[in-house]
Amino acid sequence: MRHRIADSGRPAAPVRRRYDGAGDDRGQASIEFLGILPLILLVLVILWQCALLGYTYTLAGNSADKAARKAAVTPLPERQEACRDAAEDTLPQVWRKNTRASCVARDGVVRATVNMKVPVLFPGFVNFPFTVTGTAGSPLEAN
């Protein structure tokens, strides 16, 4: 800011320049961040949903493997119950209520199939209408 000297010898009021806004971009980064924030949040939600889908596939495969091994060593009358119990044994509680397991013995092999619902964003609230299927087999050891 420059000062003018008045005729009396004292400095006069400072000369103020008029602001026309040209060349000043203060706050521009904030505006751009607010504009891109919904896109960033959408990408994070999609990535989280992909992680839940992958985790559900992992749980279904692991449950089917445990069910097939348990059913292979269980006698026929208790085989289906043992299959279901083994499939649900290590699952987190919110995945258990939407899990269906079955075991079939044929040609000396027990095949277990586990169907699970995929949660939408938060397990335990809403599920997608489709199921994830895990299958496994084990050689039959009991009659």
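## Helices, sheet and aromatic pairs in a predicted model

Tyr 55 is partly exposed, with a relative accessible area of 39%. The structure to which this residue belongs is a predicted model, and Tyr 55 offers a way into its architecture, since the residue lies in helix H1 while its aromatic partner, Trp 95, lies in helix H3.

**Overall layout**

The secondary structure of the protein comes to three helices and three strands, and from the N terminus on these elements follow the order α-α-α-β-β-β. Of the 143 residues in the protein, 23% are buried. Among contacts between residues at least 6 apart in sequence, 54% join residues that are at least 24 apart.

**Helix H1**

Helix H1 covers residues 28-72, which amounts to 45 residues, and its first and last C-alpha atoms are 66 Å apart, close to the 66 Å expected at 1.5 Å a residue. A kink of about 40 degrees is nevertheless found in H1 at Ile 36, shortly before the proline Pro 38. The buried residues of H1 are Gln 49, Leu 52, Thr 56, Leu 59, Ala 60, Ser 63, Ala 64, Ala 67, Ala 68, Ala 71 and Ala 72. What covers them includes helix H2 (79-89) and helix H3 (93-96), together with strand S1 (99-106), strand S2 (109-119) and strand S3 (127-139).

**The sheet**

The three strands form an open sheet in the order S1-S2-S3, with antiparallel pairing. S1 and S3 stand at the edges and have a single partner strand each, so one side of each is left without a neighbour in the sheet. On average, and with direction ignored, neighbouring strands of this sheet are turned by 15 degrees against each other. Helix H2 lies across S1 and S2 and runs at about 135 degrees to S1.

The antiparallel strands S1 and S2 are joined by eight bridges, and in this pairing Arg 100 stands opposite Asn 115 in S2. Ten bridges join S2 to S3, which also run antiparallel; here Val 114 stands opposite Gly 134 in S3.

Strand S2 also holds Ala 112, a buried residue with a relative accessible area of 1%. Which residues does Ala 112 contact, leaving aside its neighbours within four places in sequence? The contacts are Ala 64, Ala 67, Ala 68, Ser 102, Cys 103, Gly 134, Thr 135 and Ala 136. Among these, Ala 64, Ala 67 and Ala 68 are also listed with the buried residues of H1. The C-alpha atom of Ala 112 is separated by 9.8 Å from that of Lys 70, although the two residues are 42 residues apart along the chain.

**Two loop residues with positive phi**

S1 and S2 form a hairpin with two residues between them, and Asp 107 is in its turn. Leu 121, in turn, lies in the loop between S2 and S3. Asp 107 has a positive phi although it is not a glycine, and Leu 121 likewise has a positive phi without being a glycine. The table sets out the values for these two residues.

| Residue | Loop | Phi | Relative accessible area |
|---|---|---|---|
| Asp 107 | between S1 and S2 | about 55 degrees | 75%, exposed |
| Leu 121 | between S2 and S3 | about 65 degrees | 27%, partly exposed |

**Aromatic pairs**

A pair of aromatic rings is described by the distance of the centres and the angle of the planes. The count comes to two aromatic pairs. The rings of Tyr 55 and Trp 95 have their centres 5.2 Å apart and their planes at 80 degrees, so the pair is edge-to-face, the cut-off for this class being over 60 degrees. Because Tyr 55 lies in helix H1 and Trp 95 in helix H3, the pair ties together parts that are 40 residues apart in sequence. In contrast to the partly exposed Tyr 55, Trp 95 is buried, with a relative accessible area of 7%.

Phe 122 and Phe 125 also form an edge-to-face aromatic pair, with 6.4 Å from centre to centre and 85 degrees between the planes. Both Phe 122 and Phe 125 are exposed.

Conventions
Residues numbered from 1 in each chain as written. Predicted model: local features only at pLDDT ≥ 70, side-chain atom pairs only at ≥ 80, totals over all residues. Heavy atoms only, no water. Helix = DSSP H or I, 4+ residues; strand = E, 2+ residues; numbered from the N terminus. Expected span 1.5 Å × (residues − 1). Bend = angle between axes of the 7 residues up to and from the residue. Buried < 20%, exposed > 50% of the residue type's maximum accessible area, 1.4 Å probe, protein only. Contact = heavy atoms within 4.5 Å. Pairing = 2+ DSSP bridges. Axes fitted to C-alpha atoms, helices over the stretch in contact; angles between N-to-C directions. Phe/Tyr/Trp six-rings, centres within 6.5 Å; stacked < 30°, edge-to-face > 60°.
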